[in-house]
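Dear colleague,

Please find below the sequence and the model that I am handing over to you. My findings follow directly after it.

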Amino acid sequence: MPAELTPALLPEVADWLRRRSWTAADRPAETLLAAKRAAGRAGTVSVVLPALDEEPTVGEIVRVIRTELMERLPLVDELVVVDSGSSDRTAELAAAAGARVVHRDEVLPRLPTAPGKGEVLWRSLFVTSGEIVCFIDADLREFDPAFVSGIVGPLLTDPALQLVKAMYDRPLETDGAVVPAGGGRVTELVARPLLGLHWPQLAGFVQPLGGEYAARRSLLERLPFPTGYGVELGLLVDALDAVGLDALAQVDVGVRHHRHQDGQALGRMAATIYRTALERLDRTHRLKAGADLVHPALTQFTRDPATREFTAHTHPVGALERPPVRTVPEYRDRGQDRGQDRGRDRAPR
């Protein structure tokens with residue numbers, strides 16, 4: 001991140017951006033392997049792919065992780081696909097590519113399953129053993145192993161870190177057209193404003209809702225998991241409360257290509273995320289937006305084409321309201337004038 005950040009960022013966030021934002025290339029393979037060996041049991045890594053009808057992509061993601069990060073570079077110890085009730089060949093292709101496939105309903109069978117991504121991520125903790133757990137969405141195309149090695153790396157090399165999220169460009173690819181920064185619509189329209197207003201310490205995350213992140217099991221064990229699409233926002237907010245901003249980080253892994261959802265699906269996602277935020281505001285008695293609980297600024301990020309760095313831009317979030325017009329003297333006077341005019345109109349000639 002460039003040092004010249006927008007002054008409206010909280011000073012601690014600006015400092016965090018400089019110290020806790022990296023690129024995947026900052027930690028070469030030999031550095032990661034040495035750190036993994038030195039960490040022993042604490043350096044064991046489980047990769048989890050939550051999957052629901054991801055036949056077109058899941059097999060290739062599994063193949064890349066197994067080939068590049070288990071065989072060629074022994075970084076990942078365990079690769080698990082948790083199938084959330086797919087009706088296609090997701091489970092078959094994932095197993096053929098080298099993953100251990102577990103059906104969501106087979107995990108903790110005494111407890112009936114709830115629909116949603118967060119439910120699958122929560123149950124994955126019961127069927128994995130690594131001390132570092134890395135979640136990767138199963139709908140990614142052109143998958144790069146840096147999505148795993150990049151976000152696992154800081155946890156291997158710095159014991160103080162607890163959770164690391166991937167950051168990347170999210171082009172919107174639809175009907176043959178590509179909008180370079182058009183993806184992440186729910187992030188820009190819902191999550192980023194919520195975080196900026198109520199959790200401004202998290203305003204430095206480029207992709208707060210991204211499904212690619214790694215965390216220490218010891219942290220994940222302590223956090224509640226929203227069962228639906230609010231899981232990413234919920235975990236990020238709760239991690240901040242549990243371990244503080246300095247234990248969180250982000251790594252630039254390039255570009256994320258994935259399947260995009262339609263407007264109605266995005267609306268449902270947005271509502272779930274908003275509800276997740278409200279639950280946390282209520283739980284911490286922050287639901288009433290007092291002056292000390294709202295940071296009226298929105299921080300957004302663009303990538304500089306020349307330097308390839310993300311730059312923060314902070315904009316004020318206005319909350320100006322106009323009073324009812326009947327309380328405004330000029331409007332009342334106007335009404336009186338109109339009454340006089342009506343009186344003149346009714347006056348006999």
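**Overview of the chain**

The chain contains 11 helices and 14 strands. Please bear in mind that this is a predicted model. Of its 349 residues, 50% count as buried. The exposed surface of the chain comes to about 16900 Å², and 53% of this is supplied by carbon and sulfur atoms. Among contacts with a separation of 6 or more, 72% are between residues 24 or more positions apart.

**Strand β3 and its partners**

I begin with strand β3, residues 78-83. All 6 of its 6 residues are buried, so the strand is largely enclosed by the rest of the structure. In general, the side chains of a regular strand alternate between the two faces of the sheet. In β3, Glu78, Val80 and Val82 point one way, while Leu79, Val81 and Asp83 point the other way. The buried residues of this strand thus include Glu78 and Asp83.

Strand β3 has a parallel pairing with strand β2 (residues 45-51), made by 6 bridges. It also pairs in the parallel sense with strand β4 (residues 100-103), here over 4 bridges. Val81 appears in both pairings: it stands opposite Leu49 on the β2 side, and opposite Val101 in β4.

Both pairings belong to β-α-β units. Helix α3 (residues 58-72) forms a right-handed unit with β2 and β3. Helix α4 (residues 90-97) forms a right-handed unit with β3 and β4.

**From β2 to β5 and β10**

Strand β2 also pairs with strand β5, in the parallel sense and over 4 bridges. In this pairing, Val45 has Ile132 of β5 as its bridge partner. Strand β5 covers residues 132-135; Ile132 and Cys134 point one way from it, Val133 and Phe135 point the other way, and all are buried.

Strand β5 is joined in turn to strand β10 (residues 213-216) by 4 bridges, and these two strands run antiparallel. The bridge partner of Val133 in β10 is Ala215.

**The nonpolar cores and helix α9**

The largest nonpolar core has 51 residues, of which Val186, Trp199, Leu202, Leu233 and Leu248 touch the most other members. Helix α9 (residues 231-243) gives the most to this core, with 7 residues. A second, separate core has 43 residues, including Trp22, Val45, Ala51 and Ala166.

Helix α9 has 13 residues, and its first and last C-alpha atoms are 18 Å apart, close to the 18 Å expected at 1.5 Å a residue. The helix is mostly covered, with 10 of its 13 residues buried. Among the buried residues are Glu232 and Asp238, as well as Val231, Leu233 and Leu240. Just after the helix, Gly244 takes a positive phi of about 90°.

Which residues are in contact with Leu233, leaving aside its neighbours within four places in sequence? They are Ala191, Leu195, Leu209, Ile273, Thr276 and Ala277.

**An exposed position in helix α2**

Finally, I draw your attention to Arg37, which lies in helix α2 (residues 29-39). Arg37 is exposed, with a relative accessible area of 63%. The C-alpha atoms of Arg37 and Leu75 are separated by 9.7 Å, while the two residues are 38 residues apart along the chain.

With kind regards

Note on methods. Residues numbered from 1 in each chain as written. Predicted model: local features only at pLDDT ≥ 70, side-chain atom pairs only at ≥ 80, totals over all residues. Heavy atoms only, no water. Core = buried A, V, L, I, M, F, W, Y, C linked by side-chain atoms within 4.5 Å. Buried < 20%, exposed > 50% of the residue type's maximum accessible area, 1.4 Å probe, protein only. Contact = heavy atoms within 4.5 Å. Areas by Shrake-Rupley, 256 points an atom, 1.4 Å probe, with all protein chains shown as cover. Pairing = 2+ DSSP bridges. Right-handed = clockwise from strand over helix to strand, strands pointing away. Expected span 1.5 Å × (residues − 1).
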